[in-house]
Amino acid sequence: MESLYINSYPDLVFFPIVDFKYQTGVCEISGESYMEDTYSFYEPVIIWLREYMQEKKPIIFNVKLTYFNTSSSRFILEMLDLFKKYLNEGNQVIVNWYYKKDDPDMLTEINELIDESGVDINIYTVTLQ
Amino acid sequence: MALSSTYNDLLISYYGPFSMRIISTIGKHLTENINASEITKMKLYRVFIELCQNVARYSAERHVLLDSSIIGVGTIHIQNNDLYFKCTTVNRILSEHQNVLIKNCREINSSTKEDLKKRKEKFRKESTILDTGAHIGLIAVCLYSENQFEFDVTDNPENSATYFSITATINKT
């Protein structure tokens, strides 16, 4: 299985960078997410995660999104639901979410995703570009 | 739909196809060049993106881009005074959709914050994989702006078209 790296459109701010490393299990998503067709973007990401999870290896999932729209949130929730199932099967997942201090709405979004998915998320305030 | 008049500066006004490049360029301008606190700028940005993407997805007036994709056409205005920003979109809708749209808008505006969060959670869970809209854009606009939005449906007798306008108000902090 290969790592997954998506930075297809570096000049288009509405596609995030996806950097999932197979060897270490460190998976990071950063930037902004509000592309028109969220399904086409996130489908390969979710497929990769499902395939990786078959190996029962630990995952460290780092989120450094400065903005995501409501359509993207559906797929972020789907990833968290996958992690919840993975955890319930006795595997290891750590989710870390880094957000800008001056963005209380992002903190609200994160807490809603925690409530809806049941996954613990470590939340950190940082300076993000 | 008339814009608020004398006491608001018009910061941005655009009519045309709501492609992602247009939306992202205007959005970038908002975050980098608007004089407001970071919290207010992010609220305005979030509201702006959601309203614009609703136009892109649901406007009954469509435009074919060079890459053959089809995108909604509409108008966006952003106004500003000392106390708030107002973000308005206007787009054509099918007349048979207006009753449902009015009903949804009234329900959202009359809901408490907690009710809106529950509706948002419900729609997010129920949306199908192929439903790119997620049905929760207007709910998100109300939650982010922390104000009821103004909306209107009007008929233009000149072209027999029906138009939906929505204005979100974002208080400056």
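Guide: Helices (H or I, at least four residues) and strands (E, at least two) are DSSP runs, numbered from the N terminus. This is a predicted model, in which local features need pLDDT of at least 70 and side-chain atom pairs count only at pLDDT 80 or more, while totals for chains, interfaces and linings use all residues. Residues are numbered from 1 along each chain as its sequence is written, and chains are lettered from A in the order in which they are written.

Visitor: In which strand does I17(A) lie, and is I17(A) buried or exposed?

Guide: A residue is buried if 20 or more other C-beta atoms, placed from the backbone, lie within 10 Å of its own, exposed if 12 or fewer, and partly exposed in between. I17(A) belongs to strand β2 (residues 17–20) of chain A, and I17(A) is partly exposed because 16 other C-beta atoms lie within 10 Å.

Visitor: Which residues does I17(A) touch, not counting those up to four places away in sequence?

Guide: Two residues are in contact if their C-beta atoms, placed from the backbone, lie within 7 Å. On that basis I17(A) touches I6(A), N7(A), S30(A) and G31(A).

Visitor: How should one read the packing of α2(A) and α3(A)?

Guide: Two packed helices are described by the angle between their axes and the distance between the axes. Axes are lines fitted to C-alpha atoms, for helices over the stretch in contact, and angles run from 0 to 180 degrees between N-to-C directions. Here α2 (residues 70–88) and α3 (residues 104–117) of chain A pack at about 45°, with their axes 10 Å apart. That angle makes α2(A) oblique to α3(A), given that angles under 35 degrees count as roughly parallel, over 145 as roughly antiparallel, 65 to 115 as roughly perpendicular and the rest as oblique.

Visitor: Which residues make the contact?

Guide: From α2(A) come S73(A), I76(A), L77(A), L80(A), D81(A) and K84(A), and from α3(A) come E109(A), L113(A), E116(A) and S117(A).

Visitor: How many residues of chain B are in contact with chain A, and which helix of chain B gives the most?

Guide: In chain B, 26 residues are in contact with 22 residues of chain A. On chain B, α1 (20–33), α2 (38–58), α4 (113–126) and α5 (137–145) each supply at least two residues of the side that touches chain A, and α2(B) gives the most, with 10 residues.

Visitor: What pattern does chain B follow along the sequence?

Guide: Chain B has five helices and six strands, in the pattern β-α-α-β-β-β-α-α-α-β-β.
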